[in-house]
Amino acid sequence: AMAQKKASKKPDFEKTLNELEQLVGRMENGDLSLETSLQEFEKGMQLSDQCQTLLEEAEQRVQILCGKTKLKDFDKGSE
């Protein structure tokens with residue numbers, strides 16, 4: 001069995017995406033100071049990176065599963 005390494009600390013994709021959307025909403029309202037906007041923007045970039053990482057991990061899992069089940073047609077058109 002695989003040891004659970006900080007499973008609870010790992011950001012959940014939907015939660016991260018939701019946080020990112022809220023952040024964008026606050027920035028679009030335009031009532032943040034420049035300083036706060038910059039901080040929010042940096043945080044947004046981090047959240048965006050987290051989402052990207054989670055997506056890539058999910059994609060790798062799918063590819064591994066497809067390799068195991070020989071569903072190579074599943075991957076058509078992604079190149």
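**Exercise 1. In which helix is glutamate 19 found?**

Before we solve this, a word on the model: it is predicted, so local features need pLDDT of at least 70 and side-chain atom pairs count only at pLDDT 80 or more, while totals for chains, interfaces and linings use all residues. Residues are numbered from 1 along each chain as its sequence is written, and side-chain values use heavy atoms, with hydrogens and water left out.

*Solution.*
- Step 1: Start with the elements. The chain has two helices and zero strands. Helices (H or I, at least four residues) and strands (E, at least two) are DSSP runs, numbered from the N terminus.
- Step 2: Find the residue. Glutamate 19 belongs to helix α1, which covers residues 13-29.

**Exercise 2. Work out how glutamate 19 is placed among its surroundings.**

*Solution.*
- Step 1: Check the exposure. With a relative accessible area of 30%, glutamate 19 is partly exposed. Buried means under 20% relative accessible area, exposed over 50%, and partly exposed in between (1.4 Å probe, protein chains only).
- Step 2: Look for contacts, meaning heavy atoms within 4.5 Å. Not counting residues up to four places away in sequence, glutamate 19 touches Lys43 and Leu47.
- Step 3: Compare sequence and space. Serine 48 is 29 residues from glutamate 19 along the chain, and their C-alpha atoms are separated by 9.9 Å.

**Exercise 3. Find the salt bridges and say which helices they tie together.**

*Solution.*
- Step 1: Recall the rule. A salt bridge is a side-chain nitrogen of Lys or Arg within 4 Å of a carboxyl oxygen of Asp or Glu. The structure holds two of them.
- Step 2: Take one pair. Lysine 43 bridges to glutamate 19, and their closest N and O atoms are 3.4 Å apart. Lysine 43 lies in helix α2 and glutamate 19 in helix α1, so this pair ties together parts that are 24 residues apart in sequence.
- Step 3: Take the other pair. Glutamate 40 and arginine 26 meet through their side chains at 2.7 Å, N to O. Here glutamate 40 lies in helix α2 and arginine 26 in helix α1, so the pair ties together parts that are 14 residues apart in sequence.
- Step 4: Add the exposure. Glutamate 40 is buried at 12% relative accessibility, whereas arginine 26 is partly exposed at 33%. Lysine 43 is partly exposed too, at 35%.

**Exercise 4. Describe the two faces of helix α1.**

*Solution.*
- Step 1: Get the length. Helix α1 has 17 residues and reaches 25 Å from its first C-alpha to its last, close to the 24 Å expected at 1.5 Å a residue. The expected span is 1.5 Å times one less than the number of residues.
- Step 2: List the buried residues of α1: Thr16, Leu20 and Leu23. They cover an arc of only 60° around the axis, which puts them on the same side of α1. The arc is that of the directions from the helix axis to the C-beta atoms.
- Step 3: Turn to the face away from that buried side. It carries the exposed residues Glu14, Lys15, Glu21, Glu28 and Asn29.
- Step 4: See what follows α1. Glycine 30 comes after the helix, and its phi is positive, near 75°.

**Exercise 5. How many disulfides does the structure hold?**

*Solution.*
- Step 1: Use the cut-off. A disulfide is a pair of cysteine sulfur atoms within 2.5 Å.
- Step 2: Search the whole structure. The result is zero disulfides.
- Step 3: Check two cysteines for burial. Cysteine 51 is buried at 6% relative accessibility, and cysteine 66 is buried at 14%.
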